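Here are some notes on this model, set out as numbered points. They go from the chain as a whole to its parts and then to single residues.

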Amino acid sequence: MELPALTKLYYTIGETAKIFQVNPSLIRFWESEFKELKLKKNNRGNRLFTPKDIQTFNKIYTLIKEKGYTLEGAKKELKSKQIKMETTEENNLSVEEIVTKLEQIKQRLLNLKNQQLIICLLIISGSLQLVSCSKDKTPDKIDTELYALATNQNNNVWYKFNNSLLPKSSGSGHPQSALRTRYNSIAQSVLDANGKIIQGSSFPENSLVVKELYDGTKLDRYAILLKRSNDAYADANGWVWGYINADGTVASSAIDKGKSCISCHSQTGNIDYMLMNKFYP
Ligand code: HEC
């Protein structure tokens with residue numbers, strides 16, 4: 001039935017009975033039959049109907065009195081509509097209120113999405129930073145090539161044709177305690193019969209000179225000189241400078257064009273930058 005405006009907080013059973021023009025005993029009976037109808041009682045044990053209770057009662061009233069449902073039929077019908085009732089009528093929300101609620105939920109989801117987006121961006125930028133940090137340690141192409149050349153000992157000969165480790169010289173800036181130096185087949189062309197560099201030599205293109213640096217007897221690092229004048233990283237004299245650890249990590253990239261090496265190697269008494277003759281005569 002069409003309910004009057006329910007302006008009060010609570011209604012007594014008498015008032016409710018009056019609204020529906022029914023006997024209070026019917027209300028009590030339906031209360032015992034329909035679990036949807038859960039009534040509060042005051043301290044004196046009198047039932048209290050909230051507007052919501054009256055709406056629920058109206059549901060039952062409509063089904064049984066107006067639509068002619070049996071008690072059982074009405075119970076089933078109410079049960080099937082329960083979800084709907086919970087979300088709409090029990091909460092007493094108008095369509096506008098529901099739309100507002102949904103808008104709020106949408107906004108909350110959007111905020112969450114934005115937050116996640118920001119977190120994602122932070123993670124991405126974080127890993128990019130990691131990538132760019134680790135990039136410093138990953139060999140550049142030129143360093144990888146120098147490393148491959150330096151570790152290949154095919155047809156190499158040692159300075160003074162002797163492979164023994166030499167204690168580091170007074171002129172060395174390297175921290176390692178020992179060293180030995182070898183030359184590839186092209187660089188050998190400027191060695192004399194004793195395996196020393198011929199005075200006034202200029203190393204031919206593709207000469208490779210590798211100084212192995214040792215901590216005690218453990219190979220630690222390669223200092224590499226490759227003559228390749230047209231290389232993008234060659235210095236004014238056509239040398240590419242490599243400084244690569246035994247494990248392949250780069251100590252100082254050839255991209256720097258021997259920035260930290262050249263001034264020391266330019267000292268008097270060198271031969272085309274080479275210092276072995278001077279310090280191990
Ligand atoms: C403080 C001076 C100094 C600096 C800096 C220096 N070197 Fe040397 N280098 C020497 C000396 C001295 C020798 C002779 C062997 C020795 O005593 O270690 C030498 C030898 C070499 C050799 C063996 C060939 C030869 O006869 O010179 C190579 C290759 C080499 N250095 C490469 C490098 C590279 C690459 C760098 C830069 C990353 C570098 N050096 C920086 C002093 C230096």
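1. The protein chain contains nine helices and nine strands. Its radius of gyration is 46 Å, well over the 19 Å that the globule rule gives for 281 residues, so the chain is more spread out than a compact globule. Please keep in mind throughout that this is a predicted model.

2. The extents of the chain can be set beside that radius: along its principal axes, the C-alpha trace spans about 130 × 35 × 35 Å. Of the 281 residues, 20% count as buried. Among contacts between residues at least 6 apart in sequence, 51% join residues that are at least 24 apart.

3. The domain assignment divides the protein chain into domain 1 (13–92), domain 2 (94–137) and domain 3 (143–279). Taken over C-alpha atoms, the centres of domain 1 and domain 3 are separated by 98 Å. Two residue pairs may help in reading this distance on the model: the C-alpha atoms of Leu71 and Val250, 179 residues apart along the chain, are separated by 87 Å, while Ile224 and Tyr10, 214 residues apart in sequence, are 95 Å apart in space, C-alpha to C-alpha.

4. The largest nonpolar core has 32 residues, and those with the most contacts inside it are Leu146, Ala150, Val209, Ile224, Leu226, Trp241 and Ile244. Two or more residues of this core come from each of α7 (141–151), β5, β6, β7 and β8. Apart from it lies another core, made up of eight residues, among them Tyr11, Ile54, Phe57 and Ile60. As general background, nonpolar side chains in soluble globular proteins tend to be buried together.

5. Which residues does Ile224 touch, not counting residues up to four places away in sequence? They are Leu146, Ala150, Val210, Gly242 and Ile244. Ile224 itself lies in strand β7, and it is buried because 21 other C-beta atoms lie within 10 Å, where 20 or more are required.

6. The surroundings of the ligand deserve a separate look. A shell of 26 residues surrounds the ligand, and the closest are Ser169, Gly171, Gly173, Cys261 and Cys264. At least two residues of the shell are supplied by each of β5 (178–183), β6 (208–215), β7 (218–227), β8 (239–245), α8 (262–265) and α9 (276–279). By residue class, the shell divides into 13 nonpolar, 11 polar and two charged residues. Strands β5, β6, β7 and β8 thus appear in both lists, since each gives two or more residues to the largest core and at least two to the shell around the ligand.

7. Gly258 is worth inspecting as a loop residue, for it lies in the loop between β9 (250–252) and α8. Is Gly258 buried or exposed? It is buried, because 22 other C-beta atoms lie within 10 Å. Leaving out residues up to four places away in sequence, Gly258 touches Asp235, Trp239 and Trp241. For Trp241, which is 17 residues away along the chain, the C-alpha separation from Gly258 is 5.0 Å, and Trp241 is also listed among the residues with the most contacts inside the largest nonpolar core.

8. Helix α4 (residues 71–80) includes Leu71, which counts as partly exposed because it has 13 other C-beta atoms within 10 Å. Glu72 also has its place in helix α4, but with 9 other C-beta atoms within 10 Å this residue is exposed. The cut-off for exposed is 12 or fewer. Glu72 and Glu33 are 39 residues apart in sequence and 9.5 Å apart in space, C-alpha to C-alpha.

9. Two backbone angles should be checked by eye, given that most residues other than glycine have a negative phi. Phi of Gln21 is near 55 degrees, a positive value in a residue other than glycine, and Gln21 is found in the loop between α1 (13–20) and α2 (24–33). Asn155 likewise has a positive phi, of about 60 degrees, although it is not a glycine, and its place is in the loop between α7 and β3 (157–158). Gln21 counts as exposed because it has 9 C-beta neighbours inside 10 Å, and Asn155 counts as exposed with 11 C-beta neighbours inside 10 Å.

Notes
Residues are numbered from 1 along each chain as its sequence is written. This is a predicted model: local features need pLDDT of at least 70, side-chain atom pairs count only at pLDDT 80 or more; totals for chains, interfaces and linings use all residues. A residue is near a molecule or strand if its C-beta atom, placed from the backbone, lies within 6 Å of it. Helices (H or I, at least four residues) and strands (E, at least two) are DSSP runs, numbered from the N terminus. Ala, Val, Leu, Ile, Met, Phe, Trp, Tyr, Cys and Pro count as nonpolar, Asp, Glu, Lys and Arg as charged, and the others, Gly among them, as polar. A nonpolar core is a set of buried Ala, Val, Leu, Ile, Met, Phe, Trp, Tyr and Cys residues joined through C-beta atoms within 7 Å. Domain bounds come from an automatic or database domain assignment. The radius of gyration is taken over C-alpha atoms; the globule rule is 2.2 Å times the number of residues to the power 0.38. Two residues are in contact if their C-beta atoms, placed from the backbone, lie within 7 Å.
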